[in-house]
Amino acid sequence: MTNRRSKHPHKKKSEEFQLIAKERIKKLFEQGVEMFNTDSRFSDRYIELARKIAMKYKVKLTSAQKRMFCKHCYSFLMPGKNCIVRLTGKTITYSCKKCKKFTRIGYKSK
Ligand SMILES: [Zn+2]
């Protein structure tokens with residue numbers, strides 16, 4: 001019996017990393033929502049971290065996650081609090097109160 005060791009003991013499957021990354025991103029967005037009422041700066045920080053993880057591991061954010069932050073200043077968006085949500089035809093427009101810019105999100109009707 002030979003004790004065969006992997007040639008790359010530190011090399012994990014990238015899919016494995018992506019799964020972990022997705023979980024972390026999900027948690028960060030959840031924490032962002034939780035912390036918003038306490039201090040929205042925490043929420044912004046969580047979004048920043050989530051985006052960094054997504055970029056590092058090439059993980060795509062879900063459409064639900066994408067609409068939770070401003071595409072321009074990357075601040076956490078809470079409808080009715082720091083952003084105005086408008087429905088126009090097949091797009092949702094989020095206007096960020098911080099940078100005064102719009103983010104348009106298309107959605108598929110079920
Ligand atoms: Zn903004």
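**Helix packing and the zinc site**

Q: In which helix is the place of Leu 28?
A: Helices (H or I, at least four residues) and strands (E, at least two) are taken as DSSP runs and numbered from the N terminus. By this assignment, the place of Leu 28 is in helix 1.

Q: What pLDDT do local features and side-chain atom pairs need in this predicted model?
A: Residue numbers start from 1 along each chain as its sequence is written, and side-chain values use heavy atoms, with hydrogens and water left out. The model is predicted: totals for chains, interfaces and linings use all residues, whereas local features need pLDDT of at least 70 and side-chain atom pairs count only at pLDDT 80 or more.

Q: Is Leu 28 buried or exposed?
A: Buried means under 20% relative accessible area, exposed means over 50%, and partly exposed lies in between (1.4 Å probe, protein chains only). Because its relative accessible area is 9%, Leu 28 is buried.

Q: Which residues does Leu 28 touch, not counting those up to four places away in sequence?
A: Contact requires heavy atoms within 4.5 Å. One partner, Leu 49, is 21 residues apart from Leu 28 in sequence and 7.6 Å apart in space, C-alpha to C-alpha. With residues up to four places away not counted, Leu 28 touches Tyr 46, Leu 49, Ala 50 and Ile 53.

Q: What span does helix 1 reach from its first C-alpha to its last?
A: The expected span of a helix is 1.5 Å times one less than its number of residues. Helix 1 has 23 residues, for which 33 Å is expected. Close to that expectation, the helix reaches 32 Å.

Q: Which residues have the most contacts inside the largest nonpolar core?
A: A nonpolar core is a set of buried Ala, Val, Leu, Ile, Met, Phe, Trp, Tyr and Cys residues joined through side-chain atoms within 4.5 Å. The largest has 15 residues, and helix 1 (14-36) and helix 2 (40-56) each supply at least two of them. Apart from it lies another core of seven residues, including Cys 83 and Cys 96. In the largest core, the residues with the most contacts are Ile 25, Phe 29 and Leu 61.

Q: What is the relative accessible area of Ser 43?
A: Ser 43 is found in helix 2. Leaving out residues up to four places away in sequence, Ser 43 touches Gly 32, Met 35, Phe 36 and Phe 76. The residue is buried, with a relative accessible area of 0%.

Q: Which residues coordinate the zinc ion?
A: Donors are N, O and S atoms within 2.8 Å of the metal (3.2 Å for Na, K and Ca); water is not among the atoms, so sites may look incomplete. The donors follow the spacing C-x2-C-x22-C-x2-C along the chain. At 2.3 to 2.4 Å, the zinc ion is coordinated through SG atoms by Cys 70, Cys 73, Cys 96 and Cys 99.

Q: Why does the arrangement around the zinc ion count as tetrahedral?
A: Four donors count as tetrahedral if all angles lie between 85 and 135 degrees; four count as square planar and six as octahedral if opposite donors are over 155 degrees apart and all others between 65 and 115, and anything else is irregular. The arrangement is tetrahedral because the four donor atoms subtend angles of 107 to 112°.
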